[in-house]
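User: I'm new to this structure, and I'd like a close look at one part. Could you walk me through the aromatic cluster and then the places around it?

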Amino acid sequence: MKTHWLRNFVLGLVGAVVIALGLSIFTVSSATTSFSYSVTDLGTLGGSFSRAYGINDKGQVVGCATTTSGSLHAFLWSNGTLQDLGTLGGSYSQAHGINNTGQVVGVAGTSSGFTHAFLWHKGTMKDLGILGGNNSHANRINNIGQVVGGAQSSSGTYHAFLWEKGKMKDLGTLVGNSSIANEILLRGNSTIANGINNTGQVVGSGRSRGGTSHAFLWEKGKMKYLDTLGGLNILAISINNRGQVVGSGRSRSGTAHAFLWEKGKRKDLGTLGGNFSIANYINNRGQVVGEADTSSGFSQPFIWVNGRMRDLNSLIPTNSGWKLIYANAIDKKGQIVGLGSFNGQNRAFLLTPT
């Protein structure tokens, strides 16, 4: 997987529609911080590929992996065991988020050939439905069981939704005709969106009539712009329980930088020497993970902590066998999950502070 793919996709997208066990140890040191990680290969479901998207505060990880037949299925990794979560009757599924009670959300193929948002708990996968169209997807779930995602309306546009108590609620749109509350890039859709915290605040991005993307915050039944960020084409991707929001925003000069937004103020998290960065997740301690370009133009996964962005790959011994590609989520203990190349194969990883 080429590291330039994410940068090129996001920069194009925000200007258009927004909607096994392999261990190695590395140490990070600064004047105020010293810590180290172990790197764990989470394995596959019999195939050669896996990717992790979410982690809860118990260290349970969710994502997707190929089976022996080559199909891509959602997984739950817990205490060293990788479990296949199945599908909704089709051949495909991905898990995007997990809460502290072990409830998992994602997207799965149905027997009719469409893809629907699902909620999995204790061995049962539940179809969360649609908003009048054919497809939907769920991306994050908070600890009280509220789910956010995107679903097609009867007109074919995607709308952000909040699912709770068995019902999918349309959160509406911004000035334009489409919005999504979703955390990841969904294949086949020109949309990006995000997450939900335990107080029910939802963040995402939508398209205005002018064709630019705008970040939104939805709470207490109202959707509002986060355009105090300044610039054009803002992606709000994750929110923690303190109301801190992270994502990426493209300025009028054309560069996109990861940001941390809090109480109406935006902090530019910078890059690793290049022009592009994107923040994928923020935990309740204010630690941020994402990807950023280096001065050579290559994208690398990063952790931002104590005001400093660190290249995760620069912290791994050269003989570890790992090349980290994406950092997708971080829990309260600082454990990070994502996608890396381990001895030449793309695998889900778990970084655990030691």
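Analyst: Here is a walk through the aromatic cluster, followed by two buried residues, two loop residues and a pocket.

First, some ground rules. This is a predicted model, in which local features need pLDDT of at least 70 and side-chain atom pairs count only at pLDDT 80 or more, while totals for chains, interfaces and linings use all residues. Residues are numbered from 1 along each chain as its sequence is written, and side-chain values use heavy atoms, with hydrogens and water left out.

Let's begin with the rings. Rings of Phe, Tyr and Trp (its six-membered ring) pair if their centres lie within 6.5 Å; planes under 30 degrees apart count as stacked, over 60 as edge-to-face and the rest as tilted. By this rule there are 2 aromatic pairs. In one of them, the ring centres of W322 and F342 are 4.6 Å apart and the planes meet at 20 degrees, so this pair is stacked. The pair links distant parts of the chain, with W322 in strand β27 (residues 322–330) and F342 in strand β28, 20 residues apart. Strands here are DSSP runs of E with at least two residues, and helices are runs of H or I with at least four, numbered from the N terminus.

W322 also pairs edge-to-face with F349, at 6.2 Å centre to centre and 80 degrees between the planes. F349 lies in strand β29, so this pair ties W322 in β27 to a part 27 residues apart in sequence. Together, the ring pairs link W322, F342 and F349 into a cluster. W322 and F342 are both buried, and F349 is buried too. Buried means under 20% relative accessible area, exposed over 50% and partly exposed in between (1.4 Å probe, protein chains only).

Next come two other buried residues. N313 sits in the loop between β26 (308–311) and β27. With a relative accessible area of 14%, N313 is buried. Its side chain makes a polar contact of 2.7 Å with that of Q300. A polar contact is a pair of N or O atoms within 3.5 Å; within protein, one must be able to donate a hydrogen and the other to accept it, and residues adjacent in sequence count only if both atoms are side-chain atoms. Leaving aside neighbours within four places in sequence, N313 is in contact (heavy atoms within 4.5 Å) with Q300, P301, K323 and L324.

M309 belongs to strand β26 and counts as buried at 13% relative accessibility. From M309 to T271 is 7.4 Å, C-alpha to C-alpha, although the two are 38 residues apart in sequence. Not counting residues up to four places away in sequence, M309 touches several residues, including T271, A292 and W304.

Now for the two loop residues. N343, in the loop between β28 (336–342) and β29 (345–353), has a positive phi near 50 degrees without being a glycine. N343 is exposed, at 59% relative accessible area. K122 is not a glycine either, and has a positive phi of about 50 degrees. K122 is found in the loop between β9 (115–121) and β10 (124–127), and is exposed with a relative accessible area of 72%.

Finally, the lining of the second largest pocket divides into 9 nonpolar, 15 polar and 5 charged residues. Here Ala, Val, Leu, Ile, Met, Phe, Trp, Tyr, Cys and Pro count as nonpolar, Asp, Glu, Lys and Arg as charged, and the others, Gly among them, as polar. On a 1 Å grid over the protein atoms alone, a pocket is an open set of points where a 1.4 Å probe fits, with protein on both sides within 12 Å along at least five of seven lines; lining residues have an atom within 4 Å of a point.
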